[in-house]
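Here is a short tour for a reader who has not met this structure before. Look at the sequence and the model first, then read on.

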Amino acid sequence: MTGFPASPAMAAALAEARAAAARGEVPIGAAITAPDGRIIARAGNRTRERHDPSAHAEMLAIRDACAALGSERLPGHTLTVTLEPCAMCAATTAAARIARLVYGAADPKSGGVAHGARIFSHPQSHHAPEIVTGIAEAECAALLTGFFRERR
């Protein structure tokens with residue numbers, strides 16, 4: 001599915017992306033919702049702040065959600081992110097058994113879902129979530145293009 005307006009989870013992810021940009025991080029945000037729709041974790045990129053190449057918004061949100069639930073798995077949960085996850089984040093999404101992945105903008109350069117590694121269609125992928133794309137796509141993409149335009 002594509003082209004839908006922002007949900008409360010995407011609004012939270014966009015807020016996290018804006019906060020990341022304000023910290024000088026690439027503006028990507030993520031939120032995880034429980035099966036009942038409650039947002040249980042949210043994060044923005046913190047790779048520069050933490051000097052950690054794995055501190056992507058999705059990774060941080062997944063870690064926080066797993067810690068909050070006391071489980072390494074998140075069945076029935078939804079990960080909403082402003083940009084198509086990279087291969088690392090997609091693989092972690094599969095490992096966490098997240099039921100649904102929702103993302104705004106596609107990432108032809110570094111994406112790992114519909115582009116590049118295509119983690120969920122790989123034979124070694126243990127789980128493939130339902131994928132919904134294009135949610136608030138224009139707003140998500142504009143955050144990224146504006147951020148990089150200012151730095152050039």
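At 22% relative accessibility, Arg46 counts as partly exposed, because buried means under 20%. Note that this is a predicted model. The side chain of Arg46 meets that of Glu49 in a salt bridge, with N and O 2.6 Å apart. Glu49 is partly exposed too, with a relative accessible area of 43%.

**Salt bridges**

The structure holds seven salt bridges. Three of them are set out here, with the closest N to O distance.

| Acidic partner | Basic partner | N to O distance |
|---|---|---|
| Glu139 | Arg18 | 2.5 Å |
| Glu49 | Arg46 | 2.6 Å |
| Glu150 | Arg151 | 3.8 Å |

Shared partners join Arg23, Arg46 and Glu49 into one network of salt bridges.

Which distant parts of the chain does the pair of Glu139 and Arg18 link? Glu139 lies in helix H5 and Arg18 in helix H1, 121 residues apart. Glu139 is partly exposed, with a relative accessible area of 37%. Arg18 is also partly exposed, at 39%.

**The end of helix H5**

Helix H5 spans residues 137-151. Arg151 forms a salt bridge with Glu150. Glu150 is exposed, with a relative accessible area of 65%, whereas Arg151 is partly exposed at 44%. The charged end of Arg151 also sits over the ring of Phe147, 3.6 Å from the ring centre.

Phe147 has a further ring partner. The structure holds one aromatic pair. Its members are Phe147 and Phe148, with ring centres 5.2 Å apart. Their planes meet at 85 degrees, so the pair is edge-to-face. Are these two rings' residues buried or exposed? Phe147 is buried, with a relative accessible area of 6%. Phe148 is partly exposed, at 34%.

**The nonpolar core**

In soluble globular proteins, nonpolar side chains tend to be buried together. Here the largest nonpolar core has 37 residues. Met10, Ile32, Ile62, Leu74, Leu79, Leu101 and Phe120 touch the most other members. Several helices and strands each supply at least two core residues, including helix H1 (8-22), strand S1 (29-33), strand S3 (78-83) and helix H5 (137-151). Which element gives the largest share? H3 does, with six residues.

Leu74 shows how the chain comes together in this model. Its neighbours within four places in sequence are left aside here. Leu74 is then in contact with Ile32, Ile62, Ala65, Cys66, Leu69, Ala96, Arg97, Ile98 and Ala99. Of these, Ile62, Ala65, Cys66 and Leu69 fall within helix H3 (57-69). Ile32 falls within strand S1 (29-33).

Key. Residues numbered from 1 in each chain as written. Predicted model: local features only at pLDDT ≥ 70, side-chain atom pairs only at ≥ 80, totals over all residues. Heavy atoms only, no water. Core = buried A, V, L, I, M, F, W, Y, C linked by side-chain atoms within 4.5 Å. Buried < 20%, exposed > 50% of the residue type's maximum accessible area, 1.4 Å probe, protein only. Helix = DSSP H or I, 4+ residues; strand = E, 2+ residues; numbered from the N terminus. Contact = heavy atoms within 4.5 Å. Phe/Tyr/Trp six-rings, centres within 6.5 Å; stacked < 30°, edge-to-face > 60°. Lys NZ or Arg CZ within 6 Å of the ring centre and 35° of its normal. Salt bridge = Lys/Arg side-chain N within 4 Å of Asp/Glu carboxyl O.
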